[in-house]
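Thanks for coming. I will go through one structure today, starting with a pocket and then moving to the sheets and one ring pair.

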Amino acid sequence: MIEEATVIRRVPIVAVRGSVIFPHTDTLLSFGRPKSTAAINTAFQEDRVIAIFTQKDARTSDPMEEDLYKVGTIATITQMMSTEGEIHALVRGQARIKIEEIISSEPYLLGKVIELKEEEGEADEVKALASQLADLFKKAINLGKQAEIMAVMRLISGPVEPMELVDQVAALLEVKTVEKQKLLETLSVKKRMQRVLELIAKEVNILDLERTISSKTQQRFEDQMRKAMLREKKRTIEEELGEEEGELSSDEAKEYKEKIVEAKMPKDVREKAEKELKKLIQLSPHNPEGGYIRNYLDWLVDMPWAKLTPNNVSIKNAAKILEDRHYGMKKAKERILEFLAVMKIKQAVKGKGNNESQPTILCFIGPPGVGKTSIGKSIAEALGRKFVRVSLGGIRDEAEIRGHRRTYVGALPGRIIQGIKNAGTKNPVFMLDEIDKIGVDFRGDPSSALLEALDPEQNREFSDHYLEVPFDLSEVMFIATGNMLDTIPPALKDRMEIIGFPGYTEEEKLHIAKDFLWPKQVRLHGLESKKMVLAKAAMSEIVNRYTREAGVRELERNLASICRKVARMVAEGKKPTKKIGVEDIHKFLGPQKFSSLIAEKQDEVGMSTGLAVTATGGEILFIEVALMPGKGKLTLTGQLGEVMQESAKAAFTWAKAHFDMLGLKSNFGQDIDVHIHVPEGAVPKDGPSAGNAITTALVSALTGIPVKRNVGMTGEITLRGRVLEIGGVKEKVIAGHRAGLKTIILPKDNKKDLEDIPEAVKKDIKFVYVSRIEEVLSTAMKAWPPKGTVNQKKFTPIPTLLAAN
């Protein structure tokens, strides 16, 4: 609070920017503005008294009364010196004043000011605060606070009145102008001193922290310099004595040496490790290569050079695990057990000098979701070995297999060595997943890099670019998986034994869903206590109308969806159904995703049903043929590959060559255009096995005789009309059974492949074995042969194509 005036004076006024002048302080000021220089000169010539006020905004060049703070300091000019355009004056503050009135503003500000009276407060309390302030100020000076030497000497040398002390310390504070102005306007000495104590205490804390940081930094620098000097002295002494130890600490060197011994490395690997360790010992700790060598040594000592998991090969136990974990797949299980049996026998005779390589690497080929990866885990469990899985899908860089050379920043070993290290044993079950999806580009061919790892004759000394030493992979049991054989390079395929995993039949899917998938999903969704039962009819509805796949992944997703719906009902406090029926399936899963079976649809002209194998298993193909007037042009659509296009051309040529058998004119091919289309045009299709189906559809369109819709066929044809053997019979037959076909036409040479087909499928399907296309037509066509047996009114064949009887 500002007290009443005690003295009213009429004095020149000057405005200062960015600073506050306190009473009892000596300050050197410089003035350059015309009004300021005129005011200083006038005051110096008269009584040397000047009123000093601080500007509110330092950017104002010609301040008036409203631009100045109301409280300022009246001062005496003790010394003054003029230079070009500026006046330098040493002023001493006398007392606090307040502007009462501006009398004139030209040639300088002249006004009436009121001297303000300060509140001294209780003498003892103020004296105690002054003593504390003096101590803090001395501490600040000792910590390195910057201040004018004369002011410091005056404050430290002798006793100073509290009002003078607080103003002089306030003038030296490193605070903003606004804060200093508040101190100037505070008339209570006690309150002003308390505020100055707070501000000087903050400065002391900051100065103390700065000194601590500076001291630690200096100490660290001195320690580094001392250690560097001692190292140089040590190195010089060791060089003189011929006992140079290098820069790696003795404890670290000893630890690495112990690890090298414990790793039981082969001789050449141990020599390499010792050589790298010696190089590391001699390196300066500031050499960046030291980190690379340490990383390399860590990889060498962590590799399981001699660690083996005992082979607990029990054929009975393995058979039980495979049977408990996987339904069906009889042939695949038999081949795996044979493989394990050979391994057990070879292990028994290994001590008698039999050092031959292990049996061929296994390769599981089949559609997604049939259990290829999971059966690999079961094999590892049956053997009591570690299981490692590496996905090769999309890999295009050879370094992913063999690793990068150590010259590259961030280099690491390849995935095979990384998998072995993570397993912690040199004989894990190592699964190379999606081996058919390896790519090739400018960075190399990863499949070629796999040749060495998967060849039992070579993988005893597998060379990784990063390790630079051979590693024995002969104890590793490699299992590869893939969906398609066609995309696996021949050289790689030759090193593996292929075991086919066909798609599941409807009966097998129902067993898997009942015994494995449904209990698993109920457990995962926390519904065991609800004891829900999925009716067989409901499960069959899901298999037939909500999935159309070779495996069971989509089936499992649908079962999970049902469990989620039930879990929500439980969470909302509703009572779920104990037995889930067909009606509940429609409510939970929505409308049926797949239409009724093919056998329920009518026969059509110019359309036949073929069988094919894709990466997702067996599929059915519809072949459509349309005729139109033209000049004998053959159009093929549906993203057909070159081989399939050649099959269509061969079928057209056969039809033209056998016009008399078909009851057509000899020149019928000159008057029509033929368009052959295979639906689902977005999906690429290729292969020769659709020859039978294409020929049948073409003949049906030419003769007007419908094809039996419940008959499927597969087989390659020749220009002579012979039907040749094809592959993938089991997958194709299962796909036909899934689609509801009742008759399947197969090449006669494929009769042997029926042994692999489940008995449940054989019971539902009639198989017809053919060697010529005429036999196909007689089975697939609604009426055959066309001559003399075709009902012209019923079938209405194209008149221009049929020969006159």
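Which helices each supply at least two residues of the lining of the second largest pocket? They are α12 (372-383), α17 (506-524) and α19 (553-571). Before I go on: this is a predicted model.

The second largest pocket has a volume of about 600 Å³. It is lined by 21 residues, and Gly369, Val370, Gly371, Ser374 and Val552 are the closest to its centre. Of the helices I named, α17 gives the largest share of the lining, 4 residues. By residue class, the lining has 8 nonpolar, 6 polar and 7 charged residues.

Now stay with α12, since it leads to the next part. This helix lies across β7 (361-365), β8, β9 and β12 (477-482), and runs at about 175° to β9. Those strands belong to an open sheet of 5 strands, in the order β8-β9-β12-β7-β13, with parallel pairing. At the edges are β8 (387-391) and β13 (496-500); each has a single partner strand, so one side of each has no neighbour in the sheet. From one strand to the next, the twist averages 25°. For the register at the β8 edge, β8 and β9 (residues 429-433) pair in the parallel sense over 5 bridges. Phe387 has Val429 of β9 as its bridge partner.

Next, the other sheet. It is open as well, with 7 strands in the order β18-β19-β17-β16-β20-β23-β24, and its pairing is mixed. Here β18 (634-637) and β24 (766-770) are the edge strands, and each has a single partner, so each is left with one side lacking a neighbour in the sheet. Ignoring direction, neighbouring strands of this sheet are turned by 30° against each other on average.

Inside it, β17 (residues 617-629) and β19 (residues 672-677) pair in the antiparallel sense over 6 bridges. One register point is Met628, whose bridge partner in β19 is Asp673. A helix covers this part too: α22 (residues 691-703) lies across β16 (607-614), β17, β19 and β20 (711-713), at about 30° to β17.

Last item, the aromatics. The structure holds 4 aromatic pairs. One of them is Tyr296 with Tyr466: the ring centres are 5.8 Å apart and the planes are at 65°, so the pair is edge-to-face. Tyr296 sits in helix α9 (residues 289-302), and Tyr466 sits in the loop between β10 (462-463) and β11 (470-471), so the pair ties together parts that are 170 residues apart in sequence.

That is what I have.

Terms used:
Residues numbered from 1 in each chain as written. Predicted model: local features only at pLDDT ≥ 70, side-chain atom pairs only at ≥ 80, totals over all residues. Heavy atoms only, no water. 1 Å grid on protein atoms, 1.4 Å probe; cavity = no way out; pocket = protein on both sides within 12 Å on 5 of 7 lines; lining within 4 Å. Points joined across faces, edges and corners; volume = space filled by probe spheres on them. Nonpolar A, V, L, I, M, F, W, Y, C, P; charged D, E, K, R; others polar. Pairing = 2+ DSSP bridges. Axes fitted to C-alpha atoms, helices over the stretch in contact; angles between N-to-C directions. Contact = heavy atoms within 4.5 Å. Phe/Tyr/Trp six-rings, centres within 6.5 Å; stacked < 30°, edge-to-face > 60°.
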